[in-house]
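Here are some friendly notes to read alongside the model. Keep the 3D view open and go through the points one at a time.

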Amino acid sequence: PHIPDGEVLIDGIHIVAIERERTAKTIERTRDIMNELCSRKTDYDNSVVNLKGTSYRYAEIYYYARNESIKIVEKARDLIPANFSSRVKIILW
C-alpha cells in the first residue's frame, strides 16, 4: 500500500494524510494514490482504526504541491469520485 508522507491527528478524532509532491508523478499514478488514501479503512498493520465513526481512515488528504506538480495533482483530483475529491485539499508550497 501507499504510505503517506505523514499523518496528523486533529482534535483527537480526525486523521489527515499528508502528501508532499516535490516532483510530478504521472496523473494516473497520482490519481491512484489519491484513491488509495481516500478509500483506506485500516491502519498500516491492518488493524481497524475508526476514530470518528466513519468507514475511512482519513478525514482529509492534504497535498502540498510545488508549481511544477500542482497542475498534475489538480487534474488527478478531478479524476477521482466526488465523495473522495471533496476530501483532497491541494496547497501550493
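1. Let's begin with a term: helices and strands here are DSSP runs, with at least four residues for a helix (H or I) and at least two for a strand (E), and they are numbered from the N terminus. Read in that direction, the elements of the protein chain follow the pattern β-β-α-β-α-α-β. Please remember that this is a predicted model.

2. Now the overall tally. The protein chain has three helices and four strands. Its radius of gyration is 13 Å, close to the 12 Å that the globule rule gives for 93 residues, so the chain is as compact as a globular protein of that length. If you look along the principal axes, the C-alpha trace spans about 35 × 25 × 25 Å.

3. Next, find the sheet. Four strands form an open sheet in the order 1-2-3-4, and their pairing is mixed. Strand 1 (6–10) and strand 4 (88–92) are the edge strands, each pairing on one side only. On average, neighbouring strands of this sheet are turned by 25° against each other, direction ignored.

4. Which strand does strand 2 pair with in the parallel sense over six bridges? The partner of strand 2 (residues 14–21) is strand 3 (residues 60–65). To locate this pairing on screen, look for E19, which stands opposite Y63 in strand 3. As general background, strands of a sheet pair through backbone hydrogen bonds, either parallel or antiparallel.

5. Two helices deserve a look here. Helix 1 (residues 27–39) packs on the sheet and touches strand 2, strand 3 and strand 4; the direction of helix 1 makes about 150° with that of strand 3. Helix 2 (residues 70–78) also packs on the sheet, touching strand 2, strand 3 and strand 4, and its direction makes about 165° with that of strand 4.

6. Then pick out one loop residue, I13, which sits between strand 1 and strand 2. Is I13 buried, partly exposed or exposed? Its relative accessibility is 36%, and buried means under 20% while exposed means over 50%, so I13 counts as partly exposed. The C-alpha atoms of I13 and A59 are 9.2 Å apart, although 46 residues separate the two along the chain.

7. Finally, some whole-chain numbers. Of the 93 residues in the protein chain, 34% are buried. Among contacts between residues at least 6 apart in sequence, 66% join residues at least 24 apart. The accessible surface comes to about 5400 Å², and 51% of it belongs to carbon and sulfur atoms.

How values were computed
Residues are numbered from 1 along each chain as its sequence is written. This is a predicted model: local features need pLDDT of at least 70, side-chain atom pairs count only at pLDDT 80 or more; totals for chains, interfaces and linings use all residues. Side-chain values use heavy atoms; hydrogens and water are left out. Two strands pair if DSSP finds at least two bridges between them. Axes are lines fitted to C-alpha atoms, for helices over the stretch in contact, and angles run from 0 to 180 degrees between N-to-C directions. Contact means heavy atoms within 4.5 Å. Buried means under 20% relative accessible area, exposed over 50%, partly exposed in between (1.4 Å probe, protein chains only). The radius of gyration is taken over C-alpha atoms; the globule rule is 2.2 Å times the number of residues to the power 0.38. Accessible areas come from the Shrake-Rupley method with a 1.4 Å probe; for residues, only the protein chains shown count as cover.
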